[in-house]
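Work through the exercises below with the model open. Try each task before reading its solution.

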Amino acid sequence: MAEDIEIDIDDLERRMKGAMESLRHEFASLRTGRASASMVEPVQVEAYGQMTPVNQLGTVNVPEPRMVTINIWDKSMVGKVEKAIRESGLGINPQTNGTIIMLPIPELNEERRKELTKVAAQYAESARVAVRNVRRDGMDQVKKGKANGMPEDDQKFWETAVQELTDKMIRLVDEALEAKQAEIMQV
């Protein structure tokens with residue numbers, strides 16, 4: 001029976017990669033002075049009785065490097081979308097032209113760039129915490145295996161495997177953070 005005990009390292013890796021994907025998504029929403037359709041993804045609008053992402057209320061385009069446009073499908077939603085963008089904390093002042101909302105992306109000053117690098121660091125720390133939580137779950141599985149008669153060699157093998165996976169994912173988080181901070185600070 002003790003031979004049947006195995007740790008699901010693939011599940012742990014999948015969960016850690018989920019934390020990385022979440023980090024990439026959060027990084028995409030941080031503006032770096034260049035327009036990106038993903039900037040408006042986190043913005044939610046009260047529409048039709050529920051909170052709805054902006055990209056489900058209109059077509060998001062990037063016609064030029066410093067401009068995002070949103071062509072709202074339902075004319076009655078234009079004001080609500082404009083208000084949601086203004087209150088979202090993106091630091092962008094929307095301009096409306098009929099059903100099209102234009103978001104001119106201002107040049108980032110040095111102070112704002114430093115603030116954004118701090119926000120990126122917070123996102124990265126959240127990802128590291130998520131990875132460490134998955135590591136803890138993996139180590140708990142090893143402890144349960146030990147309690148169920150897992151041989152000591154197997155226990156050491158699985159502990160090492162979980163730790164190596166954790167170290168690899170933390171390194172990826174750190175690399176992604178460095179790249180994002182360099183992108184933000186680039187003038």
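## Exercise 1: A polar contact of Arg113

Task: Find which backbone oxygen lies 2.6 Å from a polar atom of the side chain of Arg113.

Solution. Start from the side chain of Arg113. One of its polar atoms lies 2.6 Å from the backbone oxygen of Ile184. Next, place the arginine: Arg113 is found in helix 3. Then check its exposure. The relative accessibility of Arg113 is 2%, so the residue counts as buried. The cut-off used here is under 20%.

## Exercise 2: Confidence

Task: This is a predicted model. State which helix has the lowest confidence and which has the highest.

Solution. Begin with the whole chain. Its average pLDDT is 86, and 95% of the residues score at least 70. Now go to the elements. Confidence is lowest in helix 1, residues 9-29, with a mean of 87. It is highest in helix 4, residues 152-185, at 91.

## Exercise 3: The nonpolar cores

Task: Describe the largest nonpolar core and say which helices supply it.

Solution. Count first: the largest nonpolar core has 28 residues. Leu23 and Phe27 have the most contacts inside it. Helix 1, helix 3 (110-147) and helix 4 each supply at least two residues of this core. Helix 4 gives the largest share, 10 residues. Apart from this core lies another, of 22 residues. Its members include Met39, Val40, Val54 and Ile92. As background, nonpolar side chains in soluble globular proteins tend to be buried together.

## Exercise 4: Around Leu23 and Ala176

Task: List the contacts of Leu23, then those of Ala176, leaving aside neighbours within four places in sequence.

Solution. Take Leu23. Its partners are Tyr123, Ala124, Ala127, Val173 and Ala176. Now turn to Ala176, which has its place in helix 4. Ala176 is in contact with Met20, Leu23 and Phe27. At 18% relative accessibility, Ala176 counts as buried. Finally, compare sequence with space. Ala176 and Ala124 are 52 residues apart in sequence. Their C-alpha atoms are 8.2 Å apart.

## Exercise 5: The aromatic pair

Task: Classify the ring pair of Phe157 and Trp158.

Solution. The structure holds one aromatic pair. The ring centres of Phe157 and Trp158 are 5.0 Å apart, and the planes stand at 75°, so the pair is edge-to-face. The step rests on a cut-off: planes over 60 degrees apart count as edge-to-face. Trp158 has 11% relative accessibility and counts as buried.

## Exercise 6: Salt bridges

Task: Count the salt bridges, then examine Glu13–Lys168, Arg132–Glu125 and Lys180–Glu183.

Solution. The count comes to 12 salt bridges.

- Glu13 bridges to Lys168, with the closest N and O atoms 3.6 Å apart. Glu13 lies in helix 1 and Lys168 in helix 4, so the pair ties together parts that are 155 residues apart in sequence. Glu13 is partly exposed at 22% relative accessibility. Lys168 is partly exposed at 35%.
- Arg132 and Glu125 meet through their side chains, 3.5 Å from N to O. Arg132 is partly exposed, with a relative accessible area of 39%. Glu125 is partly exposed too, at 33%.
- Lys180 and Glu183 form a salt bridge at 3.8 Å, N to O. Both lie in helix 4, three residues apart, about one turn of the helix. Lys180 counts as buried at 8% relative accessibility, whereas Glu183 is partly exposed at 27%.

One further step: look for shared partners. Salt bridges of this kind join Asp11, Arg14, Arg15, Arg136 and Asp137 into one network.

## Exercise 7: A backbone angle

Task: Is the phi of Tyr48 positive or negative? Say where Tyr48 lies.

Solution. Recall the background: most residues other than glycine have a negative phi. Tyr48 is not a glycine, yet its phi is positive, about 55°. Now locate it. Tyr48 lies in the loop between strand 1 (44-47) and strand 2 (50-53). Last, check exposure. With 57% relative accessibility, Tyr48 counts as exposed.

Notes. Residues are numbered from 1 along each chain as its sequence is written. This is a predicted model: local features need pLDDT of at least 70, side-chain atom pairs count only at pLDDT 80 or more; totals for chains, interfaces and linings use all residues. Side-chain values use heavy atoms; hydrogens and water are left out. pLDDT is the predictor's confidence in each residue, from 0 to 100. Helices (H or I, at least four residues) and strands (E, at least two) are DSSP runs, numbered from the N terminus. A nonpolar core is a set of buried Ala, Val, Leu, Ile, Met, Phe, Trp, Tyr and Cys residues joined through side-chain atoms within 4.5 Å. Buried means under 20% relative accessible area, exposed over 50%, partly exposed in between (1.4 Å probe, protein chains only). Contact means heavy atoms within 4.5 Å. Rings of Phe, Tyr and Trp (its six-membered ring) pair if their centres lie within 6.5 Å; planes under 30 degrees apart count as stacked, over 60 as edge-to-face and the rest as tilted. A polar contact is a pair of N or O atoms within 3.5 Å; within protein, one must be able to donate a hydrogen and the other to accept it, and residues adjacent in sequence count only if both atoms are side-chain atoms. A salt bridge is a side-chain nitrogen of Lys or Arg within 4 Å of a carboxyl oxygen of Asp or Glu.
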